[in-house]
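Trainee: I should like to understand the reasoning behind the terms used for this structure. May we go through them one at a time?

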Amino acid sequence: MKLYSLSVLHKGSTKANLLKAAYDLSSFSFFQRSSVQEFMTFTSALIVERSALGSRASVKEQEYLCHVYVRNDNLGGVVIADSEYPSRVCFTLLDKVLDEFSRQVNSIDWPSGSPATVQYTALDSHLAKYQNPREADAMTKVQAELDETKIILHSTMESLLERGEKLDDLVQKSEHLGNQSKAFYKTAKRKKNKVRKIKE
């Protein structure tokens, strides 16, 4: 999972104006970086120009996904990431950056601003922080921890059963389970198997 570009633009009546951008082009060869950066800047501006006010979208370009958010006040943001990076995290990042940018940079400066004149320095740190979506986004981090816990629980249950033993056999032999509980276990297992077969 990788983020390559994070841009803030102003959507004018005919074209988008780049206000600030940050890039992580370390995965490209040194000689390709300037061309890749130019292409990402061009793509970001084009996507903002073609997006409606108040819209969010994800646009696929080769193996990359360009996530765009254009607010109703004409401020837009674009994140270019690989296809594995979670889109929800990209839109969380765009919300955060655009809110922060609009508080720090006066809207009068948006139509005529440029990367050299706009005084906003947080893009590089946001791009670096969000390279790992688990660390940057609390929801993703919680989901990853839940997935790990689930794996541990599954492996723990399997390790509790001795070699050759099956949970079904243990349920039948159990003195602690009544007939009603055993019937419930069988019914639940049958329904789970039916759902699994339907999904396949």
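Mentor: We may begin with helix H2, whose buried residues are Val 89, Cys 90, Phe 91, Leu 93, Leu 94, Val 97, Leu 98, Glu 100 and Phe 101. Please bear in mind that this is a predicted model.

Trainee: What makes a residue such as those of H2 count as buried?

Mentor: The term buried requires a relative accessible area under 20%. The residues listed for H2, including Val 89 and Phe 101, are buried by that rule.

Trainee: How do you know that the span of H2 agrees with the span expected of a helix?

Mentor: H2 covers residues 87–104, and at 1.5 Å a residue its 18 residues should span 26 Å. The end C-alpha atoms of H2 are 26 Å apart, so the two values agree.

Trainee: How does the reach of helix H1 stand against the value expected at 1.5 Å a residue?

Mentor: H1, residues 33–50, has 18 residues. From its first C-alpha to its last it reaches 26 Å, close to the 26 Å expected.

Trainee: Which residues of H1 are buried, and against what do they pack?

Mentor: Val 36, Met 40, Thr 43, Ser 44, Ala 45, Ile 47 and Val 48 are buried in H1. The buried residues of H1 pack against strands S1 (3–11), S2 (16–23), S3 (55–61), S4 (64–70) and S5 (75–82).

Trainee: Why may residues three or four places apart in an α-helix point the same way?

Mentor: An α-helix has 3.6 residues a turn, so residues at that spacing point the same way.

Trainee: Why is S4 called largely enclosed?

Mentor: Seven of the seven residues of S4 are buried, so the rest of the structure largely encloses this strand. Tyr 64, Cys 66, Val 68 and Val 70 point one way from S4, while Leu 65, His 67 and Tyr 69 point the other way.

Trainee: What makes S4 a paired strand?

Mentor: Two strands count as paired when at least two bridges are found between them. S3 and S4 have seven bridges in the antiparallel sense, and S4 and S5, also antiparallel, are joined by seven bridges. Both pairs therefore satisfy the requirement of at least two.

Trainee: Which residues illustrate these pairings?

Mentor: Ser 58 has His 67 in S4 as its bridge partner, and Leu 65 stands opposite Ala 81 in S5.

Trainee: How many residues lie between the strands in the hairpins that involve S4?

Mentor: The hairpin of S3 and S4 has two residues between the strands, and Gln 62 takes a positive phi near 55 degrees there. The hairpin of S4 and S5 has four residues between the strands, and Asn 74 in its turn has a positive phi of about 75 degrees.

Trainee: How do you know that S1 and S2 are paired?

Mentor: Seven bridges join these antiparallel strands, and the cut-off is at least two, so S1 and S2 count as paired. Ser 5 stands opposite Tyr 23 in S2, and a hairpin of four residues joins S1 to S2.

Trainee: Why is S2 described as largely enclosed?

Mentor: Six of the eight residues of S2 are buried, so the rest of the structure largely encloses it.

Trainee: Why is Ala 22 called buried?

Mentor: Ala 22, which is found in S2, has 1% relative accessibility. The cut-off is under 20%, so Ala 22 counts as buried.

Trainee: What does Ala 22 contact, leaving aside its neighbours within four places in sequence?

Mentor: Ala 22 is in contact with Tyr 4, Ser 5, Leu 6, Leu 123, Asp 124 and Leu 127. Ala 22 and Leu 123 are 101 residues apart in sequence, yet their C-alpha atoms are 5.7 Å apart in space.

Trainee: Why is Tyr 130 called buried?

Mentor: Tyr 130 lies in the loop between helix H3 (123–129) and helix H4 (133–136). Its relative accessible area is 3%, which is under 20%, so Tyr 130 is buried.

Trainee: What lines the second largest pocket?

Mentor: The lining consists of Phe 28, Val 36, Phe 39, Met 40, Thr 43, Glu 61, Gln 62, Tyr 64, Cys 66 and Ile 80. The elements that give two or more residues to this lining are H1 and S4, and H1 gives the most, with four. By class, the lining has seven nonpolar, two polar and one charged residues. The volume of this pocket is about 150 Å³.

Key:
Residues numbered from 1 in each chain as written. Predicted model: local features only at pLDDT ≥ 70, side-chain atom pairs only at ≥ 80, totals over all residues. Heavy atoms only, no water. Expected span 1.5 Å × (residues − 1). Buried < 20%, exposed > 50% of the residue type's maximum accessible area, 1.4 Å probe, protein only. Contact = heavy atoms within 4.5 Å. 1 Å grid on protein atoms, 1.4 Å probe; cavity = no way out; pocket = protein on both sides within 12 Å on 5 of 7 lines; lining within 4 Å. Points joined across faces, edges and corners; volume = space filled by probe spheres on them. Nonpolar A, V, L, I, M, F, W, Y, C, P; charged D, E, K, R; others polar.
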